[in-house]
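Trainee: Got a minute to go through this model with me? I'd like to start with contacts and then see where we end up.

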Amino acid sequence: MIRIRIKLSRLLGDRRMKQKQLEELTGIRAATINNYYQENTDRVSLVFLAMMMEALSCDLTDLLEVEVTNDGTSAIEDYRVEREVRQKDKKNRSDKRHSQSLDQAKILTGSSL
């Protein structure tokens, strides 16, 4: 399987830099930086990569790494499984928010909808 790793955590650690400092230097949202830091994203912005490279004085190979394993797994199949899990999580969060909204409406109206 081929996997692209984001090495932002290592880079910030080597430079003793906090995510907040990178946010201030680049203007990239804290949540986006954290997703890159945690390698919790399947899309990256080329503009954001360029901004981080400039702020960290590094090149692309310092920030990204290609990892090749011969463990018999497929990046395509892994993506499909991860996408399915994310979609289920998103639906669960949406259902929970909807339920909370109904509960709030019941409280505000004093009724049992």
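Trainee: Leaving aside neighbours within four places in sequence, which residues is Asp-62 in contact with?

Mentor: Asp-62 is in contact with Lys-7 and Leu-11 once those neighbours are set aside. Contact here means heavy atoms within 4.5 Å. Before you lean on that, this is a predicted model, where local features need pLDDT of at least 70, side-chain atom pairs count only at pLDDT 80 or more, and totals for chains, interfaces and linings use all residues. Residues are numbered from 1 along each chain as its sequence is written, and side-chain values use heavy atoms, with hydrogens and water left out.

Trainee: Fine. Which helix is Asp-62 in?

Mentor: Asp-62 sits in helix H5. Helices (H or I, at least four residues) and strands (E, at least two) are DSSP runs, numbered from the N terminus.

Trainee: And is Asp-62 buried, partly exposed or exposed?

Mentor: Asp-62 is partly exposed, at 33% relative accessibility. The cut-offs are under 20% relative accessible area for buried, over 50% for exposed and partly exposed in between, using a 1.4 Å probe and protein chains only.

Trainee: How far is its C-alpha from that of Val-44?

Mentor: The C-alpha atoms of Asp-62 and Val-44 are 15 Å apart, with the two positions 18 residues apart along the chain. If you take Ala-105 instead, its C-alpha is 39 Å from that of Val-44, at 61 residues apart along the chain. Ala-105 belongs to helix H6 and is partly exposed, with a relative accessible area of 25%.

Trainee: New topic: the core. Which residues of the largest nonpolar core touch the most other members?

Mentor: Leu-8, Leu-12, Leu-22, Met-52, Leu-56 and Leu-63 do, out of 15 residues in that core. H1, H3 and H4 each supply at least two residues of this core. A nonpolar core is a set of buried Ala, Val, Leu, Ile, Met, Phe, Trp, Tyr and Cys residues joined through side-chain atoms within 4.5 Å. In soluble globular proteins, nonpolar side chains tend to be buried together.

Trainee: What does Leu-22 touch, not counting residues up to four places away?

Mentor: Leu-22 touches Leu-8, Leu-12, Met-17, Gly-27, Ile-33, Met-52, Ala-55 and Leu-56.

Trainee: Which residues of H4 are buried?

Mentor: Leu-49, Met-52 and Leu-56 are the buried residues of H4. They cover an arc of only 65° around the axis, so they are on the same side of H4. That arc is the one of the directions from the helix axis to the C-beta atoms. Leu-46, Val-47 and Glu-54 are exposed on the other side of H4.

Trainee: What covers those buried H4 residues?

Mentor: The cover includes H1, H2, H3, H5 and strand E2 (64-68).

Trainee: Same thing for H3: which residues are buried?

Mentor: In H3, the buried residues are Thr-32, Ile-33 and Tyr-36. Their arc around the axis is only 100°, which puts them on the same side of H3. E1, helix H1 (8-14), helix H2 (19-26) and helix H4 (46-56) are among what covers them.

Trainee: What about backbone angles just after H3?

Mentor: Glu-39, just after H3, takes a positive phi of about 55°. Arg-16 has a positive phi near 55° and is a residue other than glycine. Arg-16 is in the loop between H1 and H2 and is exposed, with a relative accessible area of 73%. Ser-57 also isn't glycine, and its phi is positive, near 50°. Ser-57 is in the loop between H4 and helix H5 (60-63), and counts as exposed at 65% relative accessibility.

Trainee: Last one: what is the volume of the largest pocket?

Mentor: The volume is about 840 Å³. On a 1 Å grid over the protein atoms alone, a pocket is an open set of points where a 1.4 Å probe fits, with protein on both sides within 12 Å along at least five of seven lines, and lining residues have an atom within 4 Å of a point. Grid points are joined across faces, edges and corners, and the volume is the space filled by probe spheres set on the points.

Trainee: And which residues lie nearest its centre?

Mentor: Thr-41, Asp-42, Arg-43, Tyr-79 and Glu-82, from a lining of 23 residues. H6 gives the most to that lining, with eight residues.
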